[in-house]
Structure formats: C-alpha cells, structure tokens
Amino acid sequence: MTDDDIRTEVRQWLAQNWDPGADRTGWTQRVFDAGWSAPSWEPEWGGRGLSDAQSRIVAAEFAAVGAYGTGADRADMLACTIHDLGTEEQKLRLIGPSVRGETRWCLLYSEPGAGSDLAGLRTRADRDGDDWVVNGQKVWTSFAAHADYGLLVARTDWDAAKHKGISFFIFPMRQAGVEVRPIHQITGESEFNEVFITDARVPHANLVGEPGGGWAVLQLALAHERRLMGDLARTSKSSGDLKPDSNSLIGMARAAGRLSDSHIRQEIAVVEGYAAVNRWNTRRAKNTADKAEAATLLSLGKIAMSRILHETARVQTEIAGGETMLAGPDHPVGDAITFRALNAYFTSIGGGTDQIQRNIVGERILGLPKEPEPYRDTAFRDLPH
Amino acid sequence: MSPVSTALTREQTDLRQTVADLMAKRSPQDEVRRLMAADGGYDPAVWAELAALGLLGLIIPEEFGGSDAGAAELAVVAEQMGRALLCAPYLSAAVLTPYLLLGIADAAECAEALPRIAAGELRATVAFAESGSARPPQHPGTTAVRTANGWSLTGEKTFVLDGVGAGRYYIHAESDSGVGIFAVDPGAAGLAVSALNTVDQTRRQARITLADTPARLIGAAGAAALDAALDRAAVALVAEQAGGTMQCVQMSTDYARTRYQFGRAIGSFQAIKHLCVDMLLEAESACSAARHVAAAFDAEEPDRLTDLALAQAFCSDAFCSVAAATIQVHGGIGFTWEHPAHLYLRRARTDAQIFGDPAWHRERYVRIREES
C-alpha cells in the first residue's frame, strides 16, 4: 500500500466512524479492531503491519480530526516493551488493555541513589513462590497516582555485577505497600512523584525477559522513549512547550524601556542566534538522507535546547532587572522569568543530565573512549557506596 | 516552518566530493605553509585548475561564460575550501567581484569582465573598507571627481582582500552625485598598492592609495549593490567558517583519541570529552547555518537578511571559539608554530572581521527586527 492509499483509507474510516461524542471504551475498541491502535504492529495487537512512517501518517490523520486512540506503537511504553520482548501470554493479557487505554502505566526507573548511574539501583525484588516481593524507593515518576502498572527495574541478584543483576517487571501499582508522594519542585509545581514500595508483590508472570536480563529490556524501553521524545521535539505542534519564548525578547526589552541599550541588543541577538541555529539543525536533520548526519544533529538537540532555555532566561533577567526579585500575580513579568530560569533545569537535568548526554555524544558520535570502569565485573554487593 | 531544504542534492554531493578531492591534492598543509611564505600568496596553477573546473565562474551566468550556480552550490564549494585553508583569492575574485558586477548590472562591464573572471584571465577585487572599520563607510573618504574623459579618485582604502597583483580594482568612492563603484586598472597614475602585514597569512590584504587616479564609473546604484554583494558573498564566508570549524573538531577528536596521558586516551577524560562535544555542537550549528542562509538566498526568503545577520555572528564566534579550543585540546603541541591549530585560529579571527564583526551583525539583526 502506498502512503497515499493509507491516507485515503484512514481518512475515509475516520469520516465513517469518528464521533467526538462517542463513549471512550467503545471508541478505542473500534480503533483497535480496525488496526489503527498501533498501525505498525500485527492485526492481533491492534495493528495492520504498516511501516513506521505510515504509522505517523495515521497519527496525523487522527490528529487532523481531533480523534484519539492511535500511536500506541510509538507512545505506549508498556505495550511497546511487551510487544517486543514479552511472552505470548503477556502480550495477550497486557497489550490490548494498554493500547485501548483501559490500563495506564508509569515508569519506575530512577532512584534517589541511582540517577545518572541508573544501573546502581538498589530497589530489590526477592522471589517468593509465584511472586517477587519488592522493596525500595523510586523517584521522578509521572502519573504514578493514576497508574495500574509500573515498568519496574529492580535488583534480583546482588552477587552479579552491577548491570547483570537487574530484572524488569510489569509491576501492579494498585496494592498495599505502594505509596505515591508528589515531589515539590523548585518551580513550585508538582509534576513528578516519589514511589515508596514496601513488601509489595509482583507475579513472576509479569517478569519481562530473564531474571538478571533487565538491563537489556530497559535499554529497549528507553530506546522507545527516546524515539518518542525525538518525535515530540520534531513536530512543531507538540514541541510548543519546549520552545523558548524568544520572539518576545525584543518586545520585552521595548516594554521595559531597554531596547536602546546596546548591551541588551547584543544579548538578544546572541540568544536568538542560538534558537535560530537549533531550528536550522533540526531542519537539516529532517531533510538529510545521510543517517549518520541526522543522528549527530539529533543527539546534540538536548544540549542545544538547554543552552537556549537557560540563556533566554538569563537575558530576560537582564532585561527585567530588579523586577525578577519579585514573585506572584502582582509581578507577572518577574514571576514568569523566574519560572523560566528555574524550569530550564527540567531540560538540562531531566531525561539524563546534559553531562551524561555529553558522554553519550562524545562516545557514540565522536568515538572518544569511555571512562575506565574498574568495577565493571565486581559483584554489586561489594561496590563502594 | 520555511519550505527551503538544506539537504544536499546528488549534484551538490558530487560537487562537494570534487572540491574535497581537489583540496586534498592541492591544499594539503605543506602546500598551505609554502603559499603562506610565497610572494603571490597563491598558486597560479591551482587557480587555473579552479577555472578549468568551472569554479571561478560558479556563480556567473552562462551568458558570461559561467555555470550559473546558486548560493547552495557556492556554499558547498566554500565549505571545502575553508576546511583546507585554501590559499587563493577565491572570495574576493570569484565571489564578491562577480556578485558586485551582477548587482550593478552594467552591461558593458559585465560582458567585458565576467567571462575573463570565469576563465581565470582576470583576477579583480573590491576595495570598500577604509581605516577604522571593515564595513564600507556610509560616506567614503575616498572621493571621485569628474574629469574630461572620466573620473579621478583620491583617497585611501584598506583591508582590501587580495589587493596585491589584482588585475582590476573596483573602488567604493563618493562623488557629487552620490556613492558609486569605480574601476581602476593596475598601473594607473597615482595608484599605490602595498601588502598589509596580516595575522592570517593564508588570506592576503592590501592598502590602496589613490591620488588623482583615473577611473571609470561602473553603473549607477553602486552603494546598494555593494551592500547586496557583501551579503551574497557572506554566504560563502559563513560556509568557509563552517568548514574550518568542522576541520578543527576533526583534528581535536582525532588527537583526543590517540594522545595518551595517565595511561588513557585524553578523550576518555570528561574534561576533554565534554569540550569536544561542545565544539561539535558549534561546528554542526555553523554548518546548518551556512546551508540555511544559502538556501534562503536561493529561495529569496523574506527573512534572509536577519537570518544572515544571525548566521554571520554565530559562525564568526563559533569558528573563533572552536579554533581556540582546538589549541587547548592539543596542549603543548598546539602551541607550536608547526602545528596547524593556530593557522585556523588566525583564519577564524580574520574571518570574524572582514565583512563586519559579530557585534555589528547582531546589531544589524536587532535593527531590522525592530523596524519590521
């Protein structure tokens, strides 16, 4: 089928079936049965075997009419992970409800003691009959309060080396022993949670991959996540919240009576230069047929965006001056600038710090050698901490 | 989002390979070193080769013996030349001069000069800067006075690219009727051309003095044409800068992979690794900027001048900072005359001035934006 055939078919199907007032469960079931839930997957998992690019065409057509329920093959981390690595039983039990939105998931990866060095995680899972008993603490979990499952990495073998004693579970969230507490962020917002896990249980049937094989499962789950983040960053529509508010720098300086200040004028052009080259990098990545060139440019996007956000906030601070000491609704200009200055860390720390990203780019793109890892083969319980 | 594409076409990729191969053969480091010390500053045989390949007439229309290529092709060529620090008067003679003549559109001058430029028979340059600024002054101190059979120029020009030995000078001067471009031939009475002692010996500059020197007025609207030609030529300059910046990253990462200290390649230390990644970001961004402005000029995008202003400021800063960091990554060896790192820094510091410094371009950006 050509791309145009797909476009025509999904358009016709939506014209015949989409009803904004339809009940949610009925609608997602219909999308699933028609093979639009995860278009690049097989029919039994809500797909129709389309290519990745065609799946995006379907998503674009759904978005055009305001319909939901497609794109699970790119956005549903639980279903993606199970689809790739789950057993037949797990696929039958977990994929359908997840892609239809009947169950929700969250990510239980980071810990207070395992951030950049995620393989240093200490949440433990101990085998007990048909279950594993889980104890530990996870952090930076979005949507934890409403999730049915958590994609959990936990240590199951303390005598194996760091990366080799980790297992990956689909962990039931709605049980005693799971406590979700919102994190109060420096911006005043609370988008993330801590999850405290005490003697909670996960059935052995929910282990993905082999015991001790969780690191490889996690790498695949993270690859799906990175692909999704890349998609979001590339579609201008959905990256609206990532865009710096740089268009208003000249307007802001004019309003503050600072537009005649040559220092401010220089600073504005510096920051708008960073934003411009980032747009041009993104476009070049999108246009090129050279995969290595595209990968290089995309790998630099996060560091570039961090610089834009931090520098934009810095220049806005220079423009607004003393006003940035003040907060609250009576001081909207200063309040918004402080928010941006603080929220810039969301990008430069979240999803792996910029420093870790520089390691990744340095090693994978520039081919620079890794740091020596003296504890690579040491049993985890013997590591200094 | 703009419709212009910055992806290279098949033909552009082939062109890039042709020029890269030529640079590898004709502009290796020992050749750059030889020409830095040589009188003329470039190799006439290589110049003839550039003509034979159609590169001197790259942007010249077919009716004048050129290839009629766009800014995108010019950027592809300039990027490779910048990468190799090619010692040749390409920017002045094959880019700025033709753009100026085409902008003025003086039929007789175009017909006489452009085919000879494309063929490598005439190497001309443009003299626009005067003491104190590398940008053309609004009111040049160099004056043009009407004489019985033409014009006569008096004044002084500086920072003239490849001025020594040029076959013709196009001089920016002010007359009673406004600012114009005047042609002066070498050997004209009262003309004195002397080499300037430049930090970057791969890019020659000269000072020109004129004392009642006979000249021909070219076309009418010279002043606007000069500004437009400088903008078009800047597309090539930013591409050269991008190429030089990319080469610096290449040198630095090659060194960081192979230089061992403390029993490890120095590139395994985060202090060096992160520096190299930051250099890569600047270099790739410079490259994207160069490609973008070339495409924007070819498509005559309405925002091309603000984009160019940002690109010129960014690429100048990027090349300077990456070339400087290249010396730092190389440590002691990078501080020696024999290592090429300083040649790139010298070129970078020159390129950041010749068509205006980064602050000038940033101010231009804000000025256009606030007026719109």
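I call a residue buried if 20 or more other C-beta atoms lie within 10 Å of its own, exposed if 12 or fewer, and partly exposed in between, with C-beta atoms placed from the backbone.

**Setting up**

I am working on a predicted model, so local features need pLDDT of at least 70 and side-chain atom pairs count only at pLDDT 80 or more, while totals for chains, interfaces and linings use all residues. Residues are numbered from 1 along each chain as its sequence is written, and chains are lettered from A, ligands numbered from 1, in the order in which they are written.

**Entry: A:Thr103**

I started with A:Thr103, which is partly exposed because 18 other C-beta atoms lie within 10 Å. I found A:Thr103 in the loop between α6 (88–99) and β1 (105–108) of chain A; helices (H or I, at least four residues) and strands (E, at least two) are DSSP runs, numbered from the N terminus. Leaving aside neighbours within four places in sequence, I see A:Thr103 in contact with A:Pro97, A:Ser98, A:Asp148 and A:Tyr149, where contact means that two C-beta atoms, placed from the backbone, lie within 7 Å. A:Tyr149 is 46 residues from A:Thr103 in sequence, and their C-alpha atoms are 7.7 Å apart.

**Entry: A:Phe196**

Next I looked up A:Phe196, in strand β7 (residues 192–203) of chain A. A:Phe196 counts as partly exposed, since it has 16 C-beta neighbours inside 10 Å. Not counting residues up to four places away in sequence, A:Phe196 touches A:Gln137 and A:Glu179. I also took the C-alpha to C-alpha distance from A:Phe196 to A:Gly322: 42 Å, with their positions 126 residues apart in sequence.

**Entry: domains**

For chain A, I noted domain 1 (3–75), domain 2 (105–220) and domain 3 (243–365); the bounds come from an automatic or database domain assignment. The C-alpha centres of domain 2 and domain 3 of chain A are 33 Å apart.

Chain B is divided into domain 1 (10–123), domain 2 (125–221) and domain 3 (224–371). Here I get 22 Å between the C-alpha centres of domain 1 and domain 2 of chain B. Between these two, 19 residues of domain 1 of chain B are in contact with 15 residues of domain 2 of chain B. On the domain 1 side of that contact, α2 (29–37) and α5 (90–104) of chain B are the elements giving two or more residues, and α5(B) has the largest share, with seven residues. I sorted that side by class into 12 nonpolar, four polar and three charged residues; Ala, Val, Leu, Ile, Met, Phe, Trp, Tyr, Cys and Pro count as nonpolar, Asp, Glu, Lys and Arg as charged, and the others, Gly among them, as polar.

**Entry: where the chains meet**

I then turned to the chain contact, in which 35 residues of chain B are in contact with 36 residues of chain A. On the chain B side, α7 (222–258), β9 (264–265), α8 (270–298), α9 and α11 (358–371) each supply at least two residues. α8(B) gives the most, 13 residues. By class, I have 15 nonpolar, 10 polar and 10 charged residues on the side of chain B that touches chain A.

One helix pair caught my eye: α9 (residues 262–287) of chain A and α9 (residues 304–330) of chain B pack at about 100 degrees, with axes 9 Å apart. The axes are lines fitted to C-alpha atoms, for helices over the stretch in contact, and angles run from 0 to 180 degrees between N-to-C directions. That angle makes α9(A) roughly perpendicular to α9(B), a label that covers 65 to 115 degrees, with under 35 roughly parallel, over 145 roughly antiparallel and the rest oblique. Here A:Ala269, A:Glu272, A:Gly273, A:Ala276 and A:Val277 meet B:Asp307, B:Leu310, B:Ala313 and B:Phe314. I count them as six nonpolar, one polar and two charged.

**Entry: positive phi in chain B**

Most residues other than glycine have a negative phi. I noted B:Ala105, with phi near 60 degrees, a positive value, in the loop between α5 and α6 (107–119) of chain B. B:Ala105 is partly exposed, as it has 13 C-beta neighbours inside 10 Å. B:Glu300 also has a positive phi, about 50 degrees, and is found in the loop between α8 and α9 of chain B. With 8 C-beta neighbours inside 10 Å, B:Glu300 counts as exposed.
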